[in-house]
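Work through the exercises below with the sequence and the model open. Each task is followed by a solution in steps.

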Amino acid sequence: KNTLLSSSLLVHRKATLSESKNGLEFVLSSERPGANRSDGIIAVDGIDHKNYDRNPIVIFNNHVDQPIGRMLGVRTDGGKLKGNLHLAPRETSLRLTEIHKLVDAGVLRAVSIGVIPRESSSLKSGEKFYAKSELVSASLVAIPCNTDALLSVKGVSKELKKEIFKEQTRNASLS
């Protein structure tokens, strides 16, 4: 008699940065002079995000027809507006598979926000100071409007960061 022995195979897959259970912490905006490439400074404490929090969709490269995830936990912290990006599962679409890979490779690591100005004044420098505004959109982008609007990589274990950045360095050296 032939007896077929079955054994279950355990497949280990490395966790990736884009699959962090707490999301990816991003700086969405900062008040640092010169950080904003547009015409002014947006007061972070003056950004009202209550309506955005009700439907915190993140789009890709400012294309409203390309939702890719949600920005949860939007908050102010030390002159910066922060939030945690939760990407939709990579299996959702070919585009999301590509986005996950670009985030994990460290290529996509910036965001831009859209606001509606509510109250502003002119600064001596000629720039506008937006004291009050409403957050209406967040977008994962290649080039941010605010140069501080980058991935923070907080809330990810040291081991995962080490593994991810080791893999990124290895991939870059193979290129």
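**Exercise 1. The two sides of helix 2**

Which exposed residues does the face of helix 2 turned away from its buried side carry?

Solution. The model is a predicted one, and the steps below refer to it.

Step 1. Find the helix: helix 2 spans residues 94–104.

Step 2. List its buried residues, those under 20% relative accessible area. They are Leu96, Ile99, His100, Val103 and Asp104. These residues lie on the same side of helix 2, because they cover an arc of only 130° around the axis.

Step 3. Turn to the face directed away from that buried side: the exposed residues there are Leu94 and Lys101.

Step 4. Look past the end of the helix. Gly106 follows helix 2 and has a positive phi, near 80°.

**Exercise 2. The fold in outline**

Task: give the secondary structure of the protein and the order of its elements.

Solution. Step 1. Count the elements: the protein has three helices and eight strands.

Step 2. Put them in sequence order, which gives β-β-β-α-β-β-β-α-β-β-α.

Step 3. Add the overall figures. Of the 175 residues in the protein, 38% are buried. Among contacts with a separation of 6 or more, 65% are between residues 24 or more positions apart. The accessible surface is about 10900 Å², and carbon and sulfur atoms account for 54% of it.

**Exercise 3. Positive phi in a loop**

Task: describe the backbone and setting of Asn61 and Asn62.

Solution. Step 1. Recall the usual case: most residues other than glycine have a negative phi.

Step 2. Read the two angles. Asn61 is not a glycine, yet its phi is positive, about 50°. Asn62, also not a glycine, has a positive phi of about 65°.

Step 3. Place the residues. Asn61 is in the loop between strand 4 (57–60) and strand 5, and Asn62 is found in the loop between strand 4 and strand 5.

Step 4. Check exposure for Asn61: its relative accessible area is 30%, so Asn61 is partly exposed.

**Exercise 4. Surroundings of Leu72 and Ser152**

Task: locate Leu72 and Ser152 and list what each touches beyond four places in sequence.

Solution. Step 1. Leu72 belongs to strand 5 (residues 63–77). With a relative accessible area of 27%, Leu72 is partly exposed.

Step 2. Beyond its sequence neighbours, Leu72 is in contact with Pro56, Gly83, Asn84 and His86. From Leu72 to Leu85 the C-alpha distance is 6.4 Å, across 13 residues of sequence.

Step 3. Ser152 sits in the loop between strand 8 (128–141) and helix 3 (158–174). Ser152 is partly exposed, at a relative accessible area of 24%.

Step 4. The contacts of Ser152 are Glu25, Phe26 and Val27. Its C-alpha lies 9.3 Å from that of Lys82, which is 70 residues away along the chain.

**Exercise 5. The cavity**

Task: count the cavities of 30 Å³ or more and describe the lining of the largest cavity.

Solution. Step 1. The count is one cavity of 30 Å³ or more. The largest cavity has a volume of about 40 Å³.

Step 2. Its lining consists of Ser30, Arg32, Pro33, Gly34, Ala35, Asn36, Gly40, Ile41, Ile42, Glu127 and Asn146.

Step 3. Assign the lining to elements: strand 2 (residues 40–42) gives the most, with three residues.

Step 4. Sort the lining by class: four residues are nonpolar, five polar and two charged.

Conventions:
Residues are numbered from 1 along each chain as its sequence is written. This is a predicted model: local features need pLDDT of at least 70, side-chain atom pairs count only at pLDDT 80 or more; totals for chains, interfaces and linings use all residues. Side-chain values use heavy atoms; hydrogens and water are left out. Helices (H or I, at least four residues) and strands (E, at least two) are DSSP runs, numbered from the N terminus. Buried means under 20% relative accessible area, exposed over 50%, partly exposed in between (1.4 Å probe, protein chains only). Contact means heavy atoms within 4.5 Å. Accessible areas come from the Shrake-Rupley method with a 1.4 Å probe; for residues, only the protein chains shown count as cover. The arc is that of the directions from the helix axis to the C-beta atoms. On a 1 Å grid over the protein atoms alone, a cavity is a set of points where a 1.4 Å probe fits but cannot get out, and a pocket is an open set with protein on both sides within 12 Å along at least five of seven lines; lining residues have an atom within 4 Å of a point. Grid points are joined across faces, edges and corners, and a volume is the space filled by probe spheres set on the points. Ala, Val, Leu, Ile, Met, Phe, Trp, Tyr, Cys and Pro count as nonpolar, Asp, Glu, Lys and Arg as charged, and the others, Gly among them, as polar.
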